Amino acid sequence: MQRQIYDGFKELILQKRYGPGMRIPSSRSLAEDLGVSRNTITGALDQLIAEGYIEARVGAGAYVARELPQDLLSAESSKRTSIRRPKVESRISARGKSVLHAPNTFGSDGGGHLPFRPSLPAYDQFPLELWARLQGRVWRRATAAIMGYGNAAGYTPLRRAVAAYLSEYRGVRCTWEQVIITSGSQQGLDLAALVLIDAGDAVVVEDPGYLSARAALRAAGAKLFYTRVDAEGAVLPKEKIPARLFYVTPSHQYPLGITMSLKRRLELLEWAAQHGAWVLEDDYDAEFRYSGRPIPSLQGLDPNGRVIYVGTFSKVLLPGLRLGYLVVPDELVDAFVAARMSAGRHCQMADQAVLSQFIEDGHFYRHIRRMRVLYAERQSAFVKLCEAHLADRLSVDPSPAGMHLPGYLAKGLSSETVAKKGAERGLTLVSLKRFAERHPVRDGFLLGYTSFSQRRLADGVKVLAGVLKVL
Ligand SMILES: Cc1ncc(COP(=O)(O)O)c(C=O)c1O
């Protein structure tokens with residue numbers, strides 16, 4: 001009844017049959033007229049008062065409001081459409097502006113992914129059943145440590161497992177307390193920028209280089225200094241730059257795939273010590289080394305505690321997990337943990353527990369070994385296919401590391417045109433030029449092969465051969 005009376009009054013008011021300022025009959029007379037209790041009437045009127053249709057005047061009863069909420073709403077919406085909004089740039093912060101054009105590679109292939117999208121793992125090889133079993137076990141036995149708030153630095157068993165893995169396989173020298181679990185390396189880069197960079201600080205980045213790292217650094221207000229990459233890796237700037245930080249991908253330069261020589265690594269560490277600068281080492285796909293001995297991380301070579309090491313499970317497991325880690329010098333641990341706390345507190349505890357179990361039980365190492373063999377096979381098949389079908393138009397050389405290969409176009413072909421034609425035929429061709437800001441690169445593509453079966457690689461290469469032939 002109360003709802004019906006409320007609806008009836010609202011309708012009368014909106015139709016202006018009860019016009020603005022008109023007095024509403026007293027609750028007693030309404031109750032008598034309608035044959036309901038006074039409580040039912042006051043309940044309906046109170047609701048209309050709360051919503052602004054009726055105004056109660058002390059000692060004088062209730063009146064229809066002079067300005068009705070509906071009028072206000074429609075005035076607002078017509079204002080919204082009639083006033084031309086200023087561009088969003090003028091309405092958001094300088095930091096907001098600097099992230100506005102950060103690349104968002106999500107779903108760029110409409111959900112699934114097409115050859116030759118770079119740097120994705122083989123999803124179909126992931127031990128899903130096992131992962132689901134571990135998830136089930138963690139949740140069934142969930143304690144407060146899983147259900148409640150956790151340490152912003154991460155779940156302790158996972159931090160220990162990561163530290164053990166890094167010291168054994170990546171030559172990282174750290175205690176588990178220096179490991180901070182992040183939501184992928186992107187968050188690691190963000191936190192490093194937040195903790196170490198002030199607006200206007202000079203930061204050296206590789207050119208060509210990883211766009212999302214630049215985005216994180218720019219967002220912190222960094223002034224980027226682009227250094228070129230030669231056969232030994234990122235070149236140390238000759239000019240005197242008051243740099244606060246140097247961002248590098250020494251294991252497998254992104255996107256060119258060069259492994260930084262030991263000589264250059266030592267020079268870079270020396271440079272950092274001399275400049276009082278930090279080194280941000282992004283070791284995103286270091287697990288995939290197919291021949292030769294892995295070169296230890298920069299972090300492990302550094303006697304001065306100047307390296308912030310960034311790692312991820314996106315390549316070695318799955319990017320959708322959004323799990324990664326930082327290893328930070330002792331003196332920075334508290335600042336990074338505080339920053340992690342303010343940036344979303346911590347990763348999901350159950351996921352961290354599953355991953356730590358996955359590592360402790362040896363599945364992680366088994367998965368890496370299996371993927372290393374598979375990716376090496378895929379790379380060699382891919383290179384052979386390219387040689388057989390594309391040789392005179394696109395040159396693709398094998399690489400001892402990584403999950404992608406640069407492919408260089410023959411003279412006269414442009415990556416923009418080829419990529420456009422390729423997209424029409426179901427190929428994802430990422431131009432190397434995208435990654436170069438100041439130093440021109442040879443025209444070509446960054447080609448991913450790890451997430452495609454040999455059959456898909458073969459089909460993709462044939463389609464690409466067709467595209468290149470008609471151009
Ligand atoms: C150079 C580089 N760093 C890091 C990542 C991984 O990012 P995330 O851990 O945020 O998934 C990628 C992924 O493509 C990369 O290319």
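Which residue in strand 3 does E55 stand opposite? The residue is Y63. This briefing concerns a predicted model. The topics below are its two open sheets, one of eight strands and one of three strands, followed by a helix that is largely enclosed, the aromatic pairs and the cysteines.

**The three-stranded sheet**
- The three strands of this open sheet follow the order 1-3-2, and their pairing is antiparallel.
- Strand 1 (23-24) and strand 2 (54-57) form the edges; each has a single partner strand, so one side of each lacks a neighbour in the sheet.
- Strand 2 and strand 3 (residues 61-64) run antiparallel and are joined by four bridges.
- E55 and Y63 stand opposite each other, Y63 being in strand 3.

**The eight-stranded sheet**
- The order of this open sheet is 4-11-10-9-8-5-6-7, and the pairing is mixed.
- At its edges are strand 4 (179-182) and strand 7 (233-234), each of which pairs on one side only.
- Strand 5 (residues 202-207) runs parallel to strand 8 (residues 243-248), and four bridges connect them.
- A202 has A243, in strand 8, as its bridge partner.
- Helix 11 (residues 262-275) lies across several strands, including strand 6 (223-230), strand 9 (278-282) and strand 10 (307-312).
- The angle between helix 11 and strand 8 is about 160 degrees.

**Helix 10**
- Helix 10 (residues 211-219) is largely enclosed by the rest of the structure, because eight of its nine residues are buried.
- The buried residues are L211, S212, A213, R214, A215, A216, L217 and A219.
- These buried residues pack against two helices, helix 5 (94-99) and helix 9 (184-196), and against strand 5, strand 6 and strand 8.
- G221, just after helix 10, adopts a positive phi of about 95 degrees.

**Aromatic pairs and cluster**
- There are 18 aromatic pairs in the structure.
- One of them is edge-to-face: the ring centres of Y254 and F435 are 5.5 Å apart, with the planes at 90 degrees.
- This pair ties together parts that are 181 residues apart in sequence, because Y254 belongs to the loop between strand 8 and helix 11, whereas F435 belongs to the loop between strand 14 (430-431) and strand 15 (444-448).
- Y254 is buried at a relative accessible area of 11%, and F435 is buried at 4%.
- F364 and Y365 also form an edge-to-face pair, with ring centres 5.6 Å apart and planes at 75 degrees.
- F364 has a relative accessible area of 0% and is buried; Y365, at 19%, counts as buried because the cut-off is under 20%.
- F364 and Y365 belong to one aromatic cluster together with Y165, Y169, F313 and Y325.

**Charges over rings**
- R306 is placed over the face of W278, at 4.3 Å from the ring centre.
- The ring of Y149 has the charged end of R345 over it, 4.1 Å from the ring centre.

**Cysteines**
- The structure contains zero disulfides.
- For C174, which is in no disulfide, the nearest cysteine sulfur belongs to C347 and is 17 Å away.
- The relative accessible area of C386 is 1%, and this residue is buried.

Methods
Residues are numbered from 1 along each chain as its sequence is written. This is a predicted model: local features need pLDDT of at least 70, side-chain atom pairs count only at pLDDT 80 or more; totals for chains, interfaces and linings use all residues. Side-chain values use heavy atoms; hydrogens and water are left out. Two strands pair if DSSP finds at least two bridges between them. Contact means heavy atoms within 4.5 Å. Axes are lines fitted to C-alpha atoms, for helices over the stretch in contact, and angles run from 0 to 180 degrees between N-to-C directions. Rings of Phe, Tyr and Trp (its six-membered ring) pair if their centres lie within 6.5 Å; planes under 30 degrees apart count as stacked, over 60 as edge-to-face and the rest as tilted. Buried means under 20% relative accessible area, exposed over 50%, partly exposed in between (1.4 Å probe, protein chains only). A charge sits over a ring if NZ of Lys or CZ of Arg is within 6 Å of the ring centre and within 35 degrees of the ring normal. A disulfide is a pair of cysteine sulfur atoms within 2.5 Å.
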